[in-house]
Amino acid sequence: MVEASEWWPMNASSAPESFDIVLSNQRQGLRFLLREMWDFRDLLYFLVIRDLKPRYRQTVFGVLWVLAPTLFTATVFTAVFGFIAKVPSNDDPYALFVLAGLVPWTFFSSSTQIASGSLISYAYLLSKVYFPRLFIPLAPMIARSMDFFVGICVVLVATSVHQGGLSVRALFLIPISMLVFVTALALGLCLCAIGLKYRDVSHASSFMLQLMMYAAPVVWPLEMLKDVVPESLMPLLGLFPMVACIAGFRASLLGGPMPWAMLGVATLTALLGLLVGLLLFVRLERSFADVA
Amino acid sequence: MSLAIHFENVIKTYPVHSLISQPTTIWASARSLFSSPLRNLRELSRLGNLNASGELVYALDQVSLGINKGEVVGLIGRNGSGKTTLLKVVARVTSPSTGWVGINGRVASLLEVGTGFHPELSGRENVFLSGAIMGMKRREILEQYDNIVAYAEIARFMDTPVKRYSSGMFIRLAFAVAAHLNHDVMLVDEVLAVGDVLFQKKCLKTMAEIAGAGRTVLFVSHNMSAVMQLCDRVIWLERGKIVADGLPQTVVRDYLRHSSDFIVSDRLEVKSNKARCIERVRLHDGSETTSVFVTDGPMHCEVTVLLDDEKAAIDLIFTILDAQSTPLITFSSEEAKLHTDLGRCLVSFAFERLPLNPGRYQLDLAMEVGRHHEHLAEPVSFEVSWPTNERKNFDHLLESGPIRVPVEWHCSSIE
């Protein structure tokens with residue numbers, strides 16, 4: 001029998017520095033991660049395609065399904081909250097008012113939901129092949145942004161029909177939409193990184209997101225809080241960035257004062273959340289294959 | 001020569017789930033319903049934790065090893081010996097618990113056929129998706145696309161969703177993508193074990209071409225003849241440790257000799273109360289008991305037969321089968337007219353030059369005594385390989401049949 005280690009001559013050049021990649025239980029830095037993502041950038045494109053293309057195959061209505069959930073929910077909410085409960089909507093038609101809230105919220109909740117379950121649905125790949133794991137929650141979220149874009153177009157058309165044109169303020173929708181994306185990404189990263197190991201997360205997140213919709217001013221106007229929350233504390237509502245995003249969305253579309261301070265707090269919170277999410281993800285990334 | 005892969009004292013552990021005692025009374029189960037979250041949390045937090053305490057399994061146990069660029073290395077060992085874990089560490093799928101691994105060049109991991117295929121997408125879309133997941137750039141896939149389709153031989157179906165494919169078409173397309181990867185280091189795990197025999201041979205041929213192209217290949221397989229044909233070097237793992245590391249012929253021979261439940265070349269049949277039975281079958285190469293033989297080399301077989309009740313003429317019928325249990329050669333001792341006394345006797349036959357090409361074979365045996373029949377409970381397996389000093393010739397090997405016969409050649413020039 002041949003002795004293991006002696007048989008094959010070890011090379012002299014076996015210092016860690018002489019290799020392109022060194023794998024150990026040390027975590028890779030954020031810079032390394034970004035470089036890897038750049039190297040694999042083509043994959044992100046194909047993963048987004050993978051998410052987009054099969055979604056409406058073998059359906060009768062096809063891409064029309066993008067609009068269906070938002071439009072149906074808006075109809076039901078208009079009936080329940082607009083006609084029956086008579087929730088005030090700042091003198092705008094309630095349908096338009098709720099649509100302007102539902103479009104960003106639907107994207108936030110559906111993309112957070114899909115990102116939080118993404119690692120679990122990719123579990124079979126996690127133990128087979130390496131690619132930047134960050135793409136796994138990122139790709140379906142980018143795919144959902146297409147729906148978001150369509151939703152924004154619909155709400156723009158509805159607003160211009162109602163108001164007989166659009167104001168320049170509608171351009172604010174671009175930065176606010178980005179803020180919605182960052183918020184969803186931050187939460188999605190945290191949830192998917194923890195949720196792969198603790199499957200409680202997927203049970204909790206689905207109904208928590210539903211409840212959170214009532215905490216955010218989707219069906220009710222933020223102005224209703226004026227009697228409860230003192231004016232000086234209003235910006236702090238931005239600690240839940242979606243509150244500011246929805247208020248900003250409505251202000252850009254339907255007019256009214258833009259909640260600048262609240263949006264500022266929201267931006268800081270979302271960016272901080274993204275940092276936390278990234279660090280958590282990178283920290284847990286190495287154990288994904290063992291946990292999945 | 002420079003290193004492609006280097007392992008330095010690599011340990012990979014996995015926590016073992018501890019057994020939880022089941023509550024026996026109603027009160028105890030009600031209590032455990034509420035106390036279980038804490039216990040679950042403790043149990044779950046050990047998962048994937050690199051410094052987990054408690055009972056651990058060592059999937060890799062202090063593995064140090066260097067693999068040079070261009071080497072084709074076979075990894076053998078029983079199930080659970082750590083072969084796949086070793087591959088997964090190089091593939092960057094899991095991290096080592098301690099120690100480090102250095103890699104030079106791009107790594108492609110073919111741990112299964114059809115990595116990343118999506119059933120709803122068309123063949124064409126899947127080629128791009130799967131290629132990108134395995135690390136190809138879009139440009140590279142575009143360049144190789146026609147070759148991939150030609151290799152898979154399903155040009156007509158490239159726009160059909162993959163879920164409508166037959167399993168054969170699926171495997172062909174999936175392997176075609178893998179075969180056109182252009183990485184420095186290729187990790188292959190039993191990919192060859194799928195598809196029909198014809199396709200397996202095509203895969204094996206492609207593997208040989210990949211191996212011949214100067215790339216570094218790590219190849220996990222239980223198919224010893226494939227390992228011996230493809231590899232320059234073989235590493236034998238047992239319980240996460242390297243047992244042997246060296247030339248394929250030597251390591252495979254040692255491995256096969258060692259793992260007696262894998263191939264039994266010296267077997268005692270379970271004796272019933274029968275008066276006549278085959279007691280033992282032993283294969284040897286003229287001196288030592290072995291189950292690895294060489295093409296054109298010697299192979300001996302000894303059979304111990306017990307004959308208790310009557311003196312009779314016995315006839316032993318041997319059949320050599322291939323790995324798929326197709327009979328290849330049958331020969332019987334009838335022509336030798338063997339007569340035995342009562343009691344035990346040893347019957348043997350020998351090939352001076354074994355007429356079999358490299359591969360895995362089985363030897364089956366039936367005994368006829370008068371009107372009675374006896375046969376082996378299970379055929380004896382053995383391997384045939386090329387003589388060590390001979391060059392491997394894949395093409396010749398893959399297109400050839402299993403049996404070798406002496407042929408007389410003539411060559412003369414014609415006016």
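Helix axes here are lines fitted to C-alpha atoms over the stretch in contact, and angles between them run from 0 to 180 degrees between N-to-C directions. With that in mind, the tour of this predicted model can begin.

**First stop: a helix pair in chain A**

Please select residues 135-163 of chain A, helix α7, together with residues 173-195 of chain A, helix α8. The axes of α7(A) and α8(A) come within 11 Å and cross at roughly 150 degrees. Angles over 145 degrees count as roughly antiparallel, and α7(A) and α8(A) are therefore roughly antiparallel to each other. Their crossing is right-handed.

To view the meeting faces, display the side chains. On the α7(A) side are Pro137(A), Met141(A), Ser145(A), Phe148(A) and Ile152(A). The residues they meet in α8(A) include Phe181(A), Leu185(A) and Leu189(A). An α-helix has 3.6 residues a turn, so residues three or four places apart point the same way.

**Second stop: Leu196 of chain A**

Next, select Leu196(A), which lies in the loop between α8 and α9 (200-215) of chain A. Is Leu196(A) buried or exposed? Leu196(A) is buried, because 27 other C-beta atoms lie within 10 Å, and 20 or more suffice for that description. Leaving aside neighbours within four places in sequence, its contacts are Leu119(A), Ile120(A), Phe288(A), Val291(A) and Ala292(A). For a sense of scale, add Ala79(A): the C-alpha atoms of Leu196(A) and Ala79(A) are 39 Å apart, and the two residues are separated by 117 residues in sequence.

**Third stop: helix α5 of chain A**

Now select residues 94-121 of chain A, helix α5. This helix of 28 residues reaches 38 Å from its first C-alpha to its last, close to the 40 Å expected at 1.5 Å a residue. At Leu102(A), α5(A) bends by about 30 degrees, and Pro104(A) follows within four residues. The helix is mostly covered, with 24 of its 28 residues buried.

**Fourth stop: where chains A and B touch**

Finally, display both chains. Here 50 residues of chain B are in contact with 39 residues of chain A. On the chain B side, the elements that each supply at least two residues include β1 (3-15), β4 (98-103) and α3 (123-133). The most comes from β4(B), with six residues.

Select residues 41-52 of chain A, helix α3, alongside α3(B). These two helices pack at an angle of about 135 degrees, with their axes 9 Å apart, which makes α3(A) oblique to α3(B). The crossing of α3(A) and α3(B) is left-handed. Among the residues that meet here are Phe46(A) and Ile49(A) from α3(A), and Phe128(B) and Leu129(B) from α3(B).

Technical notes:
Residues numbered from 1 in each chain as written. Chains lettered and ligands numbered in written order. Predicted model: local features only at pLDDT ≥ 70, side-chain atom pairs only at ≥ 80, totals over all residues. Expected span 1.5 Å × (residues − 1). Bend = angle between axes of the 7 residues up to and from the residue. Buried ≥ 20, exposed ≤ 12 C-beta atoms within 10 Å, placed from the backbone. Parallel < 35°, antiparallel > 145°, perpendicular 65-115°, else oblique. Left-handed = near helix turned anticlockwise from the far one by under 90°. Contact = placed C-beta atoms within 7 Å.
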